Amino acid sequence: MSRRLLWFLLLIVATLALAVVLIPAWVIQPFRPQSPRGLEISYALKRIASVLTIAALLGCIAMMVKLWRGARWSRIVLVLLLIPPAISAWFARQNHFEWMFNPLPNAGYVRADAASFVNDSDLVMAVTRNGEAAAYPIRQLAYHHLVQDTVGRLPIVVTY
Amino acid sequence: MWEAAVDGRTLHFHLTGINNQNFIMRDEETGSWWQQVSGEATFGPLKGRRLTPVPQDEISFALWKREQPNGRVLRPDPRAEAAHHYAPADWEAGIARLPVATRIGDKRLGLRELIVGITVNGRDKAYRMADVKQQTPIIDTVGGLPIAIVAASDGNSVRAFSRVVDGKPVDLFAKAESNDLLDSTTGSEWDFSGRAIRGPLAGRLLTRIPTLRDYWFDWRTYHPDTAIFRAGLPRS
């Protein structure tokens with residue numbers, strides 16, 4: 001394969017690796033309308049992103065090795081071209097929604113009479129199951145959005 | 001609020017995206033995507049499955065504490081609290097000013113008008129919070145079932161009930177200066193939990209109907225055929 005073609009291929013793969021993670025992040029922005037087709041594409045891309053971005057990164061490294069013998073400036077460009085696939089491979093392993101919307105992995109609870117942090121007029125989301133009652137203050141849910149719990153032996157997900 | 005188990009396996013959910021201002025959750029176990037508002041898996045191995053809704057309440061803390069003195073309450077995350085990340089008590093006023101990007105093309109109500117939505121026998125109906133507060137109890141029939149929408153005196157706690165007792169509908173009226181209701185059919189008194197506390201039906205329970213307190217645009221997006229309660233119509 002000619003060096004020229006290899007350079008071209010490297011550029012394409014680096015761009016595609018970035019597109020695989022950027023397209024879904026772009027489509028599922030908050031405060032933006034989503035279409036069913038856009039969501040379908042996002043789901044498909046997110047599903048393959050972790051494997052695809054690693055493959056792209058390895059591919060880029062392999063091409064970089066092949067192209068290494070060259071002028072100094074071309075080596076600088078090669079290293080720079082490695083940045084997008086490296087970022088993609090890392091980003092594909094992140095849940096940036098959990099950066100924006102703050103999960104609560106270790107939810108704790110207090111007795112109703114000890115809950116001094118809730119005002120009487122505050123709304124709570126409440127559930128009772130097999131004699132066990134739990135309340136989730138809306139102001140906390142509005143920040144965490146999702147709380148996983150087990151109430152009266154029933155595993156539940158509280159969403160807001 | 002949903003049951004987290006599907007086919008006997010407990011799923012663990014994470015927020016993974018947004019579909020028209022409603023969260024998409026992803027479960028760790030299968031990687032399927034679930035729409036928060038409908039509980040339906042829209043993509044992935046469990047596509048088409050639905051989570052089972054958990055009967056829930058959205059009421060004031062004072063009311064809940066009175067009914068469930070032995071209950072437990074979600075504790076604030078110390079770090080989020082220290083950083084003042086939790087919304088102030090008047091947070092709803094702030095939310096009301098957030099933009100709405102969802103296109104619904106239905107101008108019957110304001111996009112961020114607060115409503116209480118119910119679904120009975122496949123029929124969806126929305127009640128403006130303002131109407132519920134003013135008219136409580138709202139007496140209506142949805143999907144063929146006689147129902148009542150009831151607001152507590154705090155003006156924020158709302159519940160819905162089937163008002164069928166022993167196969168017959170009862171007609172409910174607010175009792176002055178309390179959360180209690182009177183039924184003109186038997187003269188019994190009912191409290192906000194739906195229990196008859198006095199009268200011939202004392203001890204009986206009205207069947208609860210799940211309610212969703214929501215913004216009009218969100219309810220309308222996921223319940224496109226919803227009816228809207230028209231306030232001020234005479235009881236039929």
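Two strands are taken to pair if DSSP finds at least two bridges between them. Helices (H or I, at least four residues) and strands (E, at least two) are DSSP runs, numbered from the N terminus. The model is predicted: local features need pLDDT of at least 70, side-chain atom pairs count only at pLDDT 80 or more, and totals for chains, interfaces and linings use all residues. Residues are numbered from 1 along each chain as its sequence is written, while chains are lettered from A and ligands numbered from 1 in the order in which they are written.

**Exercise 1. Trace the pairing of β13(B) with β12(B) and β14(B), and describe the turns.**

Step 1. Strand β12 (residues 138-142) of chain B runs antiparallel to β13(B), and five bridges join the two. Within this pairing, B:I138 has B:I149 of β13(B) as its bridge partner.

Step 2. These two strands form a hairpin with two residues between them, and B:G143 in the turn has a positive phi of about 55°.

Step 3. On to strand β14 (residues 158-162) of chain B: β13(B) pairs with β14(B) in the antiparallel sense over five bridges. Here B:I147 has B:S162 in β14(B) as its bridge partner. The hairpin of β13(B) and β14(B) has six residues between its strands, with B:G155 in the turn at a positive phi of about 80°.

Step 4. A residue is buried if 20 or more other C-beta atoms lie within 10 Å of its own, exposed if 12 or fewer, and partly exposed in between, with C-beta atoms placed from the backbone. Five of the seven residues of β13(B) (residues 145-151) are buried, and the strand is thus mostly covered.

**Exercise 2. Locate the backbone features at B:P137, B:D7 and B:D166.**

Step 1. The peptide bond from B:T136 to B:P137 is cis, with omega near -5°. B:P137 is found in the loop between α4 (129-135) and β12 of chain B.

Step 2. B:D7, a residue other than glycine, has a positive phi near 55°. Its place is the loop between β2 (5-6) and β3 (9-10) of chain B. B:D7 counts as exposed because it has 7 C-beta neighbours inside 10 Å.

Step 3. B:D166 is likewise not a glycine, and its phi is positive at about 55°. The loop between β15 (164-165) and β16 (168-169) of chain B holds B:D166. With 8 other C-beta atoms within 10 Å, B:D166 is exposed.

**Exercise 3. Describe helix α2(A) and its surroundings.**

Step 1. The bend at a residue is the angle between axes fitted to the seven residues ending there and the seven starting there. Helix α2 (residues 36-67) of chain A bends by about 55° at A:A49.

Step 2. A:A49 is itself one of the buried residues of α2(A), which also include A:L39, A:Y43, A:L57 and A:M63.

Step 3. Two residues are in contact if their C-beta atoms, placed from the backbone, lie within 7 Å. In chain A, the buried residues of α2(A) pack against α1 (3-27) and α3 (72-91); in chain B, they pack against β4 (13-19), β6 (33-35) and β7 (41-43).

**Exercise 4. Characterise the contact between the chains and the strand pairing across it.**

Step 1. The contact takes 57 residues from chain A and 53 residues from chain B. On the side of chain A that touches chain B, the residues divide into 36 nonpolar, 12 polar and nine charged. Here Ala, Val, Leu, Ile, Met, Phe, Trp, Tyr, Cys and Pro count as nonpolar, Asp, Glu, Lys and Arg as charged, and the others, Gly among them, as polar.

Step 2. β1(A) pairs in the antiparallel sense with strand β9 (residues 72-74) of chain B over three bridges. A:V110 has B:V73 in β9(B) as its bridge partner.

Step 3. An open sheet of three strands, paired antiparallel, has the order β4(A)-β5(A)-β1(B). Its edge strands are β4 (146-151) of chain A and β1 (2-3) of chain B, each of which pairs on one side only. Six bridges join β4(A) to strand β5 (residues 154-159) of chain A, and A:V151 stands opposite A:L154 in β5(A).
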